[in-house]
Amino acid sequence: MTTIMAVNNPAFTGQKAFSPNATAAELQALYDAPSANRAPERAMTYEDTVAKSFISFVVLLVGAAAGWIITSMNPALGSGMIMVAGIGAFVLAMVNIFKKEPVPALILAYAALEGVLLGGISLVFDAQWSGIVAQAVIATIVVVGVTLALFANGKIRASARATKIFFIAIIAYLVFSVVSLLMSAFGATSGTFGLNSVEIFGIPLGLIIGPLVILLAAYSLVLDFDMVQRGVQNKAPAKFAWTGAFSIMVTVVWLYMQILQFLAIARD
């Protein structure tokens, strides 16, 4: 799901303002087009995206705190809550990804449900490996911060070749994850993390491919930042700052989960 958002987000690519191939005339016509019901909407800015991202992550963290507390107080209730939140978050993610225009209420609802899911899962991990959640959070912040700094300074940029390699790698990892999940479900693997627990020369497979997947998540962030940059440069309507915030949030959640799993395998 994050892959779809990062590589070819319909919410972005469905708009001329986010297309790198749009002509100047098309962009100007899109921006100047009159509205029958309201005044022309102001253009998207970086400040808009930062503000919407901040709001989204606050809601995510509130949901995570609720998921953590409820699961710690009542594990049975927490388990059911995690399952419901996971299904709801997935459905809302698909809705938000394929809507042509962002709906803030749906994005914040996704953030809340995803937060509950992350809170419950994080508690389970922290109960098994004490302190691992704090380590994963710090590592996630570091990766996001470094990636953003490098992108802002022009040190890294999305390119057609790199994105093609990224897309192929993501498909391969998706297939690997599905196979791992099915093998775990049918008892074909005995490790906690499915195929990631299988050892090659004494090293769990998850420790070998984990850093590569984290790099994929980091490049996914680059693609998110690139789409936001194009939206601002092409004067996309201000409401699409919510789309940028949603895309970044999805990628950061994916990054956090990959780091959490990698640390758990390393400490297992």
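User: Is Asp48 buried or exposed in this predicted model?
Analyst: Happy to start there! Residues with under 20% relative accessible area count as buried. Asp48 has a relative accessible area of 8%, so Asp48 is buried.

User: Which residue forms a salt bridge with Asp48?
Analyst: Side chains of opposite charge can pair when their charged atoms come close. Here the closest N and O atoms are 3.0 Å apart. The partner has a relative accessible area of 48%, so this residue is partly exposed. The residue that bridges to Asp48 is Arg42.

User: How many salt bridges does a search of the whole structure find?
Analyst: One of them joins Arg42 and Asp48. Another joins Glu101 and Lys239, and Asp226 also forms one with Arg230. The search of the whole structure gives a count of three.

User: How many residues apart are Glu101 and Lys239?
Analyst: These two form a salt bridge with the closest N and O atoms 3.0 Å apart, and the pair links distant parts of the chain. Glu101 sits in the loop between H5 and H6, while Lys239 sits in the loop between helix H9 (205-233) and H10. Glu101 counts as partly exposed at 42% relative accessibility, and Lys239 counts as partly exposed at 21%. Along the chain, their separation is 138 residues.

User: Which helix holds both Asp226 and Arg230?
Analyst: The salt bridge between Asp226 and Arg230 has its closest N and O atoms 3.2 Å apart. Asp226 is buried, with a relative accessible area of 15%, and Arg230 counts as buried at 17%. The two are four residues apart, about one turn of the helix, and both lie in helix H9.

User: Now for the rings: why is the pair of Tyr110 and Phe246 called edge-to-face?
Analyst: A pair of aromatic rings is described by the distance of the centres and the angle of the planes. For Tyr110 and Phe246, the centres are 5.3 Å apart. Planes over 60 degrees apart count as edge-to-face, so this pair gets that name from an angle of 75 degrees.

User: How many residues apart in sequence are the parts that Tyr110 and Phe246 tie together?
Analyst: Tyr110 lies in helix H6 (residues 104-128), and Phe246 lies in helix H10 (residues 241-267). Tyr110 counts as buried at 1% relative accessibility, and Phe246 is buried with a relative accessible area of 1%. Because the two rings come from these two helices, the pair ties together parts whose separation in sequence is 136 residues.

User: What is the angle between the planes of Tyr173 and Phe176?
Analyst: Tyr173 and Phe176 are three residues apart in helix H8 (residues 160-185), so about one helical turn separates them. Both are buried. Their rings form a stacked pair, 6.2 Å centre to centre, with an angle between the planes of 25 degrees.

User: Which residues do ring pairs link into a cluster?
Analyst: The count of aromatic pairs comes to seven. Some of these ring pairs join up into a cluster. Its members are Phe125, Trp129 and Phe193.

User: Which residue has its charged end over the ring of Phe151?
Analyst: Here a charge meets a ring. The charged end lies 4.3 Å from the centre of the Phe151 ring. The residue is Arg157.

User: Which residues is Leu92 in contact with, leaving aside neighbours within four places in sequence?
Analyst: Leu92 is found in helix H5 (residues 75-98), and Leu92 is buried with a relative accessible area of 15%. The C-alpha atoms of Leu92 and Ala111, 19 residues apart along the chain, are separated by 9.3 Å. The contacts of Leu92 are Leu106, Ala109, Tyr110 and Leu113.

User: How many helices and strands are there in the protein?
Analyst: Let's read along the sequence. The pattern runs α-α-α-α-α-α-α-α-β-β-α-α. That makes ten helices and two strands.

User: Over which residues does pLDDT stay under 50?
Analyst: The protein averages a pLDDT of 86, and 85% of the residues score at least 70. Where pLDDT is low, the predicted coordinates should not be read in detail. The stretch that stays under 50 is residues 1-14.

How values were computed
Residues are numbered from 1 along each chain as its sequence is written. This is a predicted model: local features need pLDDT of at least 70, side-chain atom pairs count only at pLDDT 80 or more; totals for chains, interfaces and linings use all residues. Side-chain values use heavy atoms; hydrogens and water are left out. Rings of Phe, Tyr and Trp (its six-membered ring) pair if their centres lie within 6.5 Å; planes under 30 degrees apart count as stacked, over 60 as edge-to-face and the rest as tilted. Buried means under 20% relative accessible area, exposed over 50%, partly exposed in between (1.4 Å probe, protein chains only). A charge sits over a ring if NZ of Lys or CZ of Arg is within 6 Å of the ring centre and within 35 degrees of the ring normal. pLDDT is the predictor's confidence in each residue, from 0 to 100. Contact means heavy atoms within 4.5 Å. A salt bridge is a side-chain nitrogen of Lys or Arg within 4 Å of a carboxyl oxygen of Asp or Glu.
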